[in-house]
Amino acid sequence: MRGHARRVLGAVAVVAIAAAVLGHFGGAEANQQAAANQQAAAGQQAGAGQQGRQIVGGRRVAIADHPYVVYLTTSQGHQFCGGTLVAPAKVVTAAHCAKAFPQGMRVVAGREDKQSQAGADARVTKVWTHPRYQEVTTGDDVAVLTLDRAVPYQPLPIATPADGADLYAAGAPATILGWGRVSEGGSPSRFLLGAQVPLTSDTDCARVYGSFAAKSMVCAGLAQGGVDTCQGDSGGPLVVEGRLVGIASWGEGCAQPGNPGVYTRVAAYADLIAQHL
């Protein structure tokens, strides 16, 4: 079974958006930028067969209720992933997001409507990705971004081993958030969307995905499907009891019955993340 890095607004989609915008303005400079975007997209390991996700089956939610959720953009302002503010100038996201567009990446915080000018737009000055990261299905899909300035929004605490196993108990209600696709193969959302999904037992997730590793991953989703993260939600938060327990990472399709989303298990990396905050 092939796995999909669901949360990046796929390389193809971002390039298509960029091409449309650049084509409108035309010119050699625009063509050069389009080529650069294509090259960055092609180099991303979570490429055509393994693309990021967005919220399917969700509803519009207020950024004021989730001030920690942010999105990542290319240097041209095209949103491609999500992230979580965990300190005033630090964002936790997926490694496959951090590697997708390493040059000129920006973080937008406090903006519910992507077409508005609300919130803060910060430049990423430093990127740490897990040194063992290779691809989403082998784990270690975690990164920390350092911003050029503190942003005035409430960070979200990260889960730690001290929180205990109950935080990852099967059936626990979890919140997913993002601006990704609203259906598999569909269009990205203009507004922040959110939904609730239950955590899946490690045993059930391992039955679905042969590469699932309980020590570093956690699954969430409805058995009947219909609610999930999708392309564009990669790197975004999985929240339980007011803590960041997961990072949107990969899965098979979007919101398919029997195929939950797979998230990086944040508690497993808490000490390492803390070293970069």
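Here are some questions and answers about this predicted model.

Q: How many helices and strands are there in the protein?
A: Let's start with the overall make-up of this predicted model. Of the 277 residues in the protein, 57% are buried. Counting the elements gives five helices and 13 strands.

Q: Among contacts between residues at least 6 apart in sequence, what share joins residues at least 24 apart?
A: Here we leave out pairs that sit closer than that along the chain and look at contacts between residues at least 6 apart. Within that group, the share that joins residues at least 24 apart is 75%.

Q: What percentage of the exposed area do carbon and sulfur atoms supply?
A: Begin with the total, which is about 11000 Å² of exposed area for the protein. The part of it that carbon and sulfur atoms supply is 50%.

Q: Which strands pair with strand 9?
A: Strand 9 covers residues 193–200, and its partners can be found by following the bridges. Strand 1 (residues 59–60) pairs with strand 9 in the antiparallel sense over two bridges, and strand 8 (residues 173–178) runs antiparallel to strand 9 with six bridges. Two bridges also link strand 9 to strand 10 (residues 217–220), again in the antiparallel sense. The partners are therefore strand 1, strand 8 and strand 10, given that a pair needs at least two bridges.

Q: Which residue of strand 9 stands opposite Ile176?
A: Now we can look at single residues along these pairings. Arg59 stands opposite Gly194 in strand 9, and Leu199 stands opposite Ala220 in strand 10. For Ile176, the residue opposite in strand 9 is Ala195.

Q: How many of the eight residues in strand 9 are buried?
A: Strand 9 has pairings with strand 8 and strand 10, among others. It is mostly covered, and of its eight residues the number buried is six.

Q: In strand 6, which residue is the bridge partner of Val108?
A: Strand 5 and strand 6 pair in the antiparallel sense, with four bridges between them. Strand 6 also runs antiparallel to strand 7, this time with five bridges, and there Val124 stands opposite Leu147. Back on the side of strand 5, the bridge partner of Val108 in strand 6 is Asp121.

Q: Is Ala109 buried or exposed?
A: Ala109 is found in strand 5. Leaving aside neighbours within four places in sequence, Ala109 is in contact with Val70, Ala118, Gly119, Ala120, Val151 and Tyr153. Its relative accessibility is 2%, and buried means under 20%, so Ala109 counts as buried.

Q: What distance separates the C-alpha atoms of Ala109 and Tyr153?
A: Tyr153 is one of the contacts of Ala109. The two residues are 44 residues apart along the chain, yet the separation of their C-alpha atoms is 7.7 Å.

Q: What is the relative accessibility of Thr84?
A: Thr84 is found in strand 3 (residues 79–87). Leaving aside neighbours within four places in sequence, its contacts include Tyr68, Val70, Leu156, Pro237 and Leu244. Thr84 counts as buried because its relative accessibility is 0%.

Q: Asp140 and Glu241 each have a positive phi; which one is exposed?
A: Neither residue is a glycine, yet phi is about 60° for Asp140 and about 50° for Glu241. Asp140 lies in the loop between strand 6 and strand 7, while Glu241 is in the loop between strand 11 (237–240) and strand 12 (243–250). Asp140 has a relative accessible area of 10% and is buried. With 68% relative accessibility, and exposed meaning over 50%, the exposed one is Glu241.

Q: Which elements give two or more residues to the lining of the largest pocket?
A: The largest pocket has a volume of about 290 Å³. Its lining has 20 residues, and Tyr71, Gly77, His78, Gln79 and Lys114 lie nearest its centre. The elements that give two or more residues to this lining are strand 2 (69–73) and strand 5 (106–109).

Q: How many polar residues does the lining of the largest pocket have?
A: Sort the lining residues by class: five are nonpolar and five are charged. The number of polar residues is 10.

Key: Residues are numbered from 1 along each chain as its sequence is written. This is a predicted model: local features need pLDDT of at least 70, side-chain atom pairs count only at pLDDT 80 or more; totals for chains, interfaces and linings use all residues. Side-chain values use heavy atoms; hydrogens and water are left out. Buried means under 20% relative accessible area, exposed over 50%, partly exposed in between (1.4 Å probe, protein chains only). Contact means heavy atoms within 4.5 Å. Accessible areas come from the Shrake-Rupley method with a 1.4 Å probe; for residues, only the protein chains shown count as cover. On a 1 Å grid over the protein atoms alone, a cavity is a set of points where a 1.4 Å probe fits but cannot get out, and a pocket is an open set with protein on both sides within 12 Å along at least five of seven lines; lining residues have an atom within 4 Å of a point. Grid points are joined across faces, edges and corners, and a volume is the space filled by probe spheres set on the points. Ala, Val, Leu, Ile, Met, Phe, Trp, Tyr, Cys and Pro count as nonpolar, Asp, Glu, Lys and Arg as charged, and the others, Gly among them, as polar.
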